[in-house]
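Trainee: Could you take me slowly through one helix-to-helix contact in this model, and then show me how that part fits into its surroundings?

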Amino acid sequence: MGLVDKNLSLRNRNKMLIGVWEDEDALLSASQAVVDKGIHIHDVFTPYPVHGLDRIIGVKRSRLARVAFFCGLTGLSLMFLMIWYMYVKDWPVNVGNKPVRFSPSWIPVMFEGTILCTAFGMGIFFFLRNRMLHGIKNDLLDDRQTDDRMIMTIETCEGMDEKGLIDLMKEKGAVETREFHNGIQTVI
Amino acid sequence: MIHDSLIRERLVTGDKTAADVTRDISRPILNQPSSAWKIGFTLSLVFLGIFGVSLFWTVWTGIGVWNINKSVMWGWDITNFVFWVGIGHAGTLISAVLLLFRQKWRMSINRSAEAMTIFAVVCAAMFPVFHMGRVWVGYWALPLPNAFGSLWVNFNSPLLWDVFAISTYFSVSLLFWYIGMIPDIATIRDKVKTKTAKFWYNFFSMGWTGSTRSWARYELVSLILAGISTLLVLSVHTIVSADFATSVIPGWHTTIFPPYFVAGAIFSGFGMVATLLVVARKVMNYENYITIGHLEAMTKIIMVTGTLVGIAYLTEFFIAWYSVVEYEQYAFINRATGPYWWAYWSMMSCNLIAPQVFWFKWARTTPWFIFIMSIVVNVGMWFERFVIIVTSLHRDYLPSSWVMYSGSLTEVGLFLGTFGIFFTCFFLFAKFLPVINMSEVKTILRNRE
């Protein structure tokens, strides 16, 4: 599995059915109804986080928390090694004849290093995983998907009852339904 | 079970829809700047100019143009440093601690508070950096391989901890602010018309589309960043307080300093947030987003933290008496009754006594009064740092070294000048970036619970 989440790209896909909603409650109930029919929802694009939607459409729990933990451990170890090398190995300083070894005064610098590596390590993985890399063109289906509209996309496959699905979306409050194929959208 | 709350007061008033939020918040970005913005920005540039002149004079002539001397070797500079770092802390508190506590009222104010954090830390960093005198060798504060016989930095020194703490604080706050802003930058990207604007908002939105997968990760990252920023903000001001507490100067060498400084930082930071937002909500027409309820919540925090700081002042006095250490006792009696009594009592009245007025609902819900009180809080907190630094230093163990200290014109210029940096940045932010977190505010329009 690559680092970049391939699900986020809309290129090289079969024909997609698109439903547009303006109300989050209607969107949630529509998503549940579609999933209950055994149909896989490719993605839902919303202008703000709609809680519960990720579980309905089967988005797996992100592992970024674990990534953050390991980045933190790396930061802590690196800072410890740095201070140990500079302070014990390379140039021990005699302060009041105290032994040259780990002391609580190392903790603040180690702590700050841990936080720095956690934040930036996790940040880098967040951008990579989310396909937020410069040079990749964003796939916008609607100018208002970052404003007030919510867009559901379903990738079609052999034997799918497309007409039934469009009717279900309309029945569940979709204000518009479209077809998306080879970069061209058609209202249906 | 999620339903619309019948009893809770709405966090966003005026029956706004998601489209209204986008329109209202992006208005200053999409339109020409208002005359209020132009006047404010010009005034900020004047202060920025004062900063430039004072800084040039300091670097060109040397630190001798400041009135600091060998007894009071820290004067206005470190006072201003602690003052600005403290102000910065409220931004992290609002966005991180209140996020962990699931306080939804933070959503209208967190963006501007985080921006304030970043600009305040920039202002703060100016003082220790230029206090070095020979600023061009400032990189000696970093643990870099060098040609001085492998001499490294001193990891036992809180001043070095500061280098790490402040730089980490600045960079992590910047990351937190930027990641939080990406969905809103994408919203602006899809609204702007001109080619240049489209290019820049597109560049900084990093191709955000609002996919559910991205949102899930975004929320997780925000939560973790909030968790570590909370630890970070506590550690930063603890380390700033350690600059004083680890020394053996009477009045500084106390274990109460870390919690006392953190409480003071939150207090002064909320003071500055209130100053900015009372004006911004009026001028930018955001009264439906930053409601009286928001101001009231902030004044409650100001009152609580002000009282905490007040208790710390009194505890210091008690401990000085209880310690039976005559130097410690003298330091505190000198603070309250010595030549700097006016600074001490300004601090006491602004920080402990004045915020008690917020016990009254009228005081908590009247914007012009909150504005005046927020200025009082900031003046008081500046005096707090001045009192701690100058009164402890001006009379040390050796009476022959006793001196008086007052800031020189250059020091005053530098301090006023940092307001120029701060407000210039803030005005630019208000013009080019969404001052209110649109995507978060859209989630609280319906008053769910």
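Mentor: In this predicted model, the contact to study joins H3(A) and H4(A), and on the H3(A) side it is built from A:Leu64, A:Val67, A:Ala68, A:Cys71, A:Gly72, A:Thr74, A:Gly75, A:Leu76, A:Leu78, A:Met79, A:Phe80 and A:Ile83. Facing them from H4(A) are A:Val109, A:Met110, A:Gly113, A:Thr114, A:Leu116, A:Cys117, A:Thr118, A:Gly121, A:Met122, A:Phe125 and A:Phe126. When the residues of this contact between H3(A) and H4(A) are sorted by class, 16 are nonpolar, seven are polar and none is charged.

Now look at how the two helices are placed, for the axes of H3(A) and H4(A) come within 7 Å and cross at roughly 140 degrees. An angle counts as roughly antiparallel when it is over 145 degrees, and H3(A) and H4(A) are therefore described as oblique to each other. The crossing of H3(A) with H4(A) is right-handed.

Next, place this pair within its chain. Chain A has five helices and five strands, and their order along the sequence is β-α-β-α-α-α-β-α-β-β. The radius of gyration of chain A is 25 Å, well over the 16 Å that the globule rule gives for 188 residues, so chain A is more spread out than a compact globule. The box filled by the C-alpha atoms of chain A, taken along the principal axes, is roughly 85 × 30 × 30 Å. Chain A is also divided into two domains, with domain 1 covering 6–60 + 139–187 and domain 2 covering 64–129, and the C-alpha centres of these two domains lie 45 Å apart.

The helices we began with also take part in the meeting of the two chains, a contact to which chain A gives 54 residues and chain B gives 47 residues. On the side of chain A that touches chain B, at least two residues come from each of strand S2 (43–45), helix H2 (53–56), helix H3 (64–90) and helix H4 (107–129). The largest share of that side, 14 residues, belongs to H4(A). By class, the side of chain A that touches chain B has 32 nonpolar, 11 polar and 11 charged residues, whereas the contact of H3(A) with H4(A) has no charged residues.

It helps to set chain B beside this picture. Chain B has 15 helices and zero strands. For its 449 residues a compact globule would have a radius of gyration near 22 Å, and the 23 Å of chain B agrees with that. Along the principal axes, the C-alpha atoms of chain B fill a box of roughly 70 × 55 × 40 Å.

Two helix pairs in chain B can be read in the way we read H3(A) and H4(A). Helix H4 (residues 110–131) and helix H14 (residues 409–432) of chain B have axes that come within 9 Å and cross at roughly 155 degrees, and H4(B) and H14(B) are therefore roughly antiparallel to each other. Their crossing is right-handed. H4(B) contributes B:Ala115, B:Phe119, B:Ala120, B:Val122, B:Cys123 and B:Met126, while H14(B) contributes B:Thr418, B:Ile421, B:Phe422, B:Cys425, B:Phe426 and B:Phe429. By class, the contact of H4(B) with H14(B) has 11 nonpolar, one polar and no charged residues.

In the other pair, helix H9 (residues 292–323) and helix H11 (residues 341–353) of chain B pack at an angle of about 135 degrees, with their axes 8 Å apart, and H9(B) and H11(B) are therefore oblique to each other. Here B:Gly306, B:Val309, B:Gly310 and B:Tyr313 of H9(B) meet B:Met348, B:Asn351 and B:Leu352 of H11(B). The residues of this contact of H9(B) with H11(B) divide into four nonpolar, three polar and no charged.

Technical notes
Residues are numbered from 1 along each chain as its sequence is written. Chains are lettered from A and ligands numbered from 1 in the order in which they are written. This is a predicted model: local features need pLDDT of at least 70, side-chain atom pairs count only at pLDDT 80 or more; totals for chains, interfaces and linings use all residues. Domain bounds come from an automatic or database domain assignment. Two residues are in contact if their C-beta atoms, placed from the backbone, lie within 7 Å. Helices (H or I, at least four residues) and strands (E, at least two) are DSSP runs, numbered from the N terminus. Ala, Val, Leu, Ile, Met, Phe, Trp, Tyr, Cys and Pro count as nonpolar, Asp, Glu, Lys and Arg as charged, and the others, Gly among them, as polar. Axes are lines fitted to C-alpha atoms, for helices over the stretch in contact, and angles run from 0 to 180 degrees between N-to-C directions. Angles under 35 degrees count as roughly parallel, over 145 as roughly antiparallel, 65 to 115 as roughly perpendicular and the rest as oblique. A crossing is left-handed if the near helix is turned anticlockwise from the far one by less than a right angle, and right-handed if clockwise. The radius of gyration is taken over C-alpha atoms; the globule rule is 2.2 Å times the number of residues to the power 0.38.
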